[in-house]
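Subject: Handing over the structure

Dear colleague,

Here is the structure I promised to pass on to you, and below it you will find my notes on what turned up in it. Please read them with the structure open beside you.

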Amino acid sequence: MTGELSRFTSNRRTRGEASWKTDEDWKAGVVENVEISGGGLVPTPPPEGGEDLDFVTDNFEDGSLTEYVVDSSKDNGSASVVQSSRSLEGDNLARIATNGRVFALGSTSGLFSYPSAGDIPTFHVLFPNGDNNALYLYYGVQQGDRANGTGYRVTLRNKHNSMRLDNRRSGGTVANSSTRNIPSNEWLTVEVDWRTDGDHFVKVFDSEGSELGSMSGTDSGLTSGGIGYGLNNRNGNSSVAYVDFVGYRSP
Ligand SMILES: [Ca+2]
Ligand SMILES: [Ca+2]
C-alpha cells in the first residue's frame, strides 16, 4: 500500500454495476467487496454464485490468452478474449468457439496461480444458447499444448444434462452423473473439491447458487498442473461458450 488512493473494485461486477454512488466515490477509492481486518484486506462474499475464491487464476482482464497454448491435436476452433457487460469481473470474458469438433487450449505457466490437489478449482461458465455442447474444463494439465490429453477433464453437457470426470492422461473415467436441466444464457459455477487423497467431488450450480448436479470419484494420478478449456458441439455445428473468473479456494 503506498500513499496513493486505493481503488479496490468489485470482484464480480463492472464499474457501472458497482455500488459506488457517484464518480466522487470512485475517485476517492471507496472500497467495495473487501474489508480491512487486522491490518489486511479480506474479501467479502460475492453477490451471486458459488463461493468466493482465494486465488484468481484468470479473469481475462489483461485482454489476452498468451498464457495458453492450443492443443495441437484438438485445434478445431478458436479462443479469444471479448468485451462483454456479462463479465463477472471487469469487462472481459474468454470466448471458446468450436467448428463442430473438439477444440481445447491449456495453460501451465504465465497465469498468477494454479490449483493443486488440496484445492477447490472453480470455473464460471456460460452457454449463450441452447446448442448441444460438451464444454471441457481442465485442471491438473501436464502439457498446455495437450490439454485434452494430459489432465483431468470435467465435461459438462448442457442438452444432455450430464457431466463426467476423466483422467485424460490415463484415459480413465473417474466419475459421471446426470444433472438437472442445465440452463442456457446464465452463469454456471463448476467447482471441484480436489482432495490430496485422490478424491474428486464435482458440483455444478446455477446462477442462483442452486445445485444442478454432483459427482465424485477417486483418482490420484495427478496432483498438480495447469488449467484449460475446450468445447465440442456434438452435432458437428459451430458453437460458442464463455468462461470467466477461474480460480480456486484453498481450504
Ligand atoms: Ca491473459
Ligand atoms: Ca472478466
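In this predicted model, Arg153 stands opposite Asp166 of strand E9, and that pair belongs to the antiparallel pairing of E8 with E9 (residues 162-167), which extends over six bridges. The hairpin made by E8 and E9 has four residues between its strands, and Asn161 in this hairpin takes a positive phi near 50°. E8, which covers residues 152-157, is also joined by six bridges to strand E7 (residues 133-141), and these two strands again run antiparallel. Within that second pairing, Tyr139 stands opposite Tyr152 of E8.

Tyr152 comes up again when one looks at Leu222, a residue found in the loop between strand E13 (211-218) and strand E14 (226-233). Is Leu222, in its loop, buried or exposed? Leu222 counts as buried, because it has 21 C-beta neighbours inside 10 Å and 20 or more are enough for that label. If residues up to four places away in sequence are not counted, Leu222 touches Gly140, Gly151, Tyr152, Asn167 and Arg169. The C-alpha atom of Leu222 is separated by 9.9 Å from that of Thr196, a residue 26 places away along the chain.

A second loop residue that I would point out is Gly63, which has its place between strand E3 (55-58) and strand E4 (69-83). Gly63 is partly exposed, because 13 other C-beta atoms lie within 10 Å of its own, a count that falls between the limits of 12 or fewer for exposed and 20 or more for buried. When neighbours within four places in sequence are left aside, Gly63 is in contact with Val81 and Asn92. Of these, Asn92 is 29 residues apart from Gly63 in sequence, while the two are 6.9 Å apart in space, C-alpha to C-alpha.

Two further residues have a positive phi although neither is a glycine: Asn185, at about 60°, and Phe245, at about 55°. Where does Asn185 have its place? Asn185 is in the loop between strand E10 (172-178) and strand E11 (188-194), and it counts as exposed, because it has 11 C-beta neighbours inside 10 Å. Phe245, by contrast, lies in strand E15 (residues 239-249) and is buried, with 27 other C-beta atoms within 10 Å.

As for the interior, the largest nonpolar core has 55 residues, and the members that touch the most other members are Ala94, Ile96, Val125, Tyr138, Ala241 and Val243. To take one of them, Val125 is in contact with Leu135, Leu188, Val190, Ala241, Tyr242 and Val243, once its neighbours within four places in sequence are left aside.

Finally, some figures for the whole protein may help you to place these details. The protein has two helices and 15 strands, and of its 251 residues 43% count as buried. Among contacts between residues at least 6 apart in sequence, 66% join residues that are at least 24 apart.

With best wishes

Definitions and conventions: Residues are numbered from 1 along each chain as its sequence is written. Chains are lettered from A and ligands numbered from 1 in the order in which they are written. This is a predicted model: local features need pLDDT of at least 70, side-chain atom pairs count only at pLDDT 80 or more; totals for chains, interfaces and linings use all residues. Two residues are in contact if their C-beta atoms, placed from the backbone, lie within 7 Å. Two strands pair if DSSP finds at least two bridges between them. A nonpolar core is a set of buried Ala, Val, Leu, Ile, Met, Phe, Trp, Tyr and Cys residues joined through C-beta atoms within 7 Å.
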